[in-house]
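Hi everyone, thanks for coming. I'd like to walk you through one chain today, so please have the sequence and the picture open in front of you.

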Amino acid sequence: MRVVFMGTPEFSLPSLEALLSAGVEVAAVFTQPDRPAGRGRKLTPPPVKVRALERGLEVRQPERVRAADIAPLSPDAAVVVAYGQYLSGKLLSVPPLGGVNVHPSLLPRWRGAAPIQRALLAGDEETGVCTMRVAKEMDAGAILGVAAVAVGPRETSESLHDRLAEAGGRLLVQTLEQLERSEADEREQDSTLVTWADKLTKEEAPLDWGAPAAALDLRVRGLRPWPVAETTWPGAGTKSGAGAIRIWRAYPLESESGASAGHGEVLGVTDTPEGRGLRVRTGEGDLVLLEVQPPGGRRMLAADYLRGRPLAGGAVLGGEGF
């Protein structure tokens, strides 16, 4: 089989590698143009471009891909994995087997921009990947293949991203093989079961200490690597005496019997199965902060951060504005 591959971020890489390992001929790789990134805003190539060049593949980076771009390549299928561009019906009609997309959720649940994070934030115990037809409406195409993936009890968006990307690559190869043999079990999505995975925003980062510890733990794990959960921390700022500090890792515990405290109140340092950290009262139970990042600083263990900036018992996190 001969395909054109369309993808841009890290999530796309296992699918590209799976195609090459299966002996699929990749006629060309289409990816987004290089964009400024980082503090220096240096022009940076997307991960798919870097990998494709390493593998000796032809790379194309049009601002807008068109049917005329792929027609001379005579592909059997157009494979789309987090490409980031709208594909016209005219383009998708070029390859005989059409367009095949890999999406990291169990559609029709979690259509949209942030399916991995939304699954974690919602506390889903299972998610997965789907291969589907590329359609005009976002993530609404007919399902071609499904692979369920259990969500681990301490899963983060980063770890789930990597596992789903690998599962997506395996499923993609299976789907293309079935399409080539005319054996694909193609079925339409049930539109009554659609849920939307809206794009994450910075406004979702502040923790509400009135929420249960279990829900706050989900937010810490689900909002990695962006925007990252945060809270105000007395003394973290350089001018006002308080600033927002990022919470990269935490652990929920039941409240100690007889311990009365307000939401966000610091209860001291305690041990958890994942390490030692700062115990904070929530609306239900306690959340132990294990890894933090001060404003303008690096990620570090909360215990190390506290050595230089001790917090007295009774201090309160999450001040005005949060």
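Let me begin with a question: which residues of the largest nonpolar core touch the most other members? Before I reply, please keep in mind that this is a predicted model. The residues to look for are Val 3, Phe 5, Leu 19, Val 29, Val 79 and Leu 176, in a core that has 33 residues. The element that gives the most to this core is helix H6, residues 157-180, with 9 residues.

Take Leu 176 and look at its surroundings. Leaving out residues up to four places away in sequence, Leu 176 touches Met 1, Val 3, Leu 19, Ala 77, Val 79 and Val 100. There is another core as well, lying apart from this one, with 23 residues. Val 266, Leu 278, Leu 287 and Leu 311 are among them.

Now let's zoom out for a moment. The chain has 322 residues, and 49% of them count as buried. There are 8 helices and 17 strands, and the C-alpha trace spans about 70 × 45 × 30 Å along its principal axes. For those of you who like contact maps: if we take contacts between residues at least 6 apart in sequence, 63% join residues at least 24 apart.

On to the sheet. In what order do the strands of the 7-stranded open sheet come? The order is S5-S2-S1-S6-S7-S9-S10, and the pairing is mixed. S5 and strand S10, residues 143-150, are the edge strands, each pairing on one side only.

Let's start with S1, residues 2-7. In S1, 5 of the 6 residues are buried, so this strand is largely enclosed by the rest of the structure. S1 runs parallel to S2, and 5 bridges join them. If you want to find the register on your screen, Arg 2 has Glu 25 in S2 as its bridge partner, and Val 4 stands opposite Ala 28 in S2. How does the chain get from S1 to S2? It crosses through helix H1, residues 13-21, and this β-α-β crossover is right-handed.

S1 also pairs with strand S6, residues 77-81, in the parallel sense, over 5 bridges. There, the bridge partner of Val 3 is Ala 77. You have met both of these already, since Leu 176 touches Val 3 and Ala 77.

Next comes S2, residues 25-30. Here too, 5 of the 6 residues are buried, so the strand is largely enclosed by the rest of the structure. S2 is joined by 2 bridges to strand S5, residues 59-60, and the two run parallel. Val 29 stands opposite Val 59 in S5.

At the other end of that strand order, the sense changes. S9 and S10 run antiparallel, joined by 7 bridges. To locate the pairing, look for Thr 127, whose bridge partner in S10 is Val 149.

While we are in this part of the chain, have a look at Asp 124. You will find Asp 124 in the loop between helix H5, residues 115-121, and strand S9, residues 126-133. Is Asp 124 buried or exposed? Its relative accessible area is 13%, so Asp 124 counts as buried. The side chain of Asp 124 makes a polar contact of 2.8 Å with the side chain of Trp 110. Leaving aside neighbours within four places in sequence, Asp 124 is in contact with Arg 109, Trp 110, Ala 119 and Val 151.

Further along the chain we come to helix H7, residues 213-222. This helix is mostly covered, with 7 of its 10 residues buried. The buried ones include Asp 217 and Arg 221, along with Leu 216 and Leu 218.

I'll finish with the rings. How many aromatic pairs does a search of the whole structure find? It finds 1. The partners are Trp 233 and Tyr 305: their ring centres lie 5.4 Å apart and their planes are at 75 degrees, so the pair is edge-to-face. Trp 233 is in strand S12, residues 230-234, and Tyr 305 is in helix H8, residues 302-308, so to speak of distant parts of the chain is fair, with the two positions 72 residues apart. Trp 233 is buried, with a relative accessible area of 1%, and Tyr 305 is buried with a value of 1%.

How values were computed:
Residues numbered from 1 in each chain as written. Predicted model: local features only at pLDDT ≥ 70, side-chain atom pairs only at ≥ 80, totals over all residues. Heavy atoms only, no water. Core = buried A, V, L, I, M, F, W, Y, C linked by side-chain atoms within 4.5 Å. Buried < 20%, exposed > 50% of the residue type's maximum accessible area, 1.4 Å probe, protein only. Helix = DSSP H or I, 4+ residues; strand = E, 2+ residues; numbered from the N terminus. Contact = heavy atoms within 4.5 Å. Pairing = 2+ DSSP bridges. Right-handed = clockwise from strand over helix to strand, strands pointing away. Polar contact = N/O pair within 3.5 Å; in protein donor to acceptor, adjacent residues only side chain to side chain. Phe/Tyr/Trp six-rings, centres within 6.5 Å; stacked < 30°, edge-to-face > 60°.
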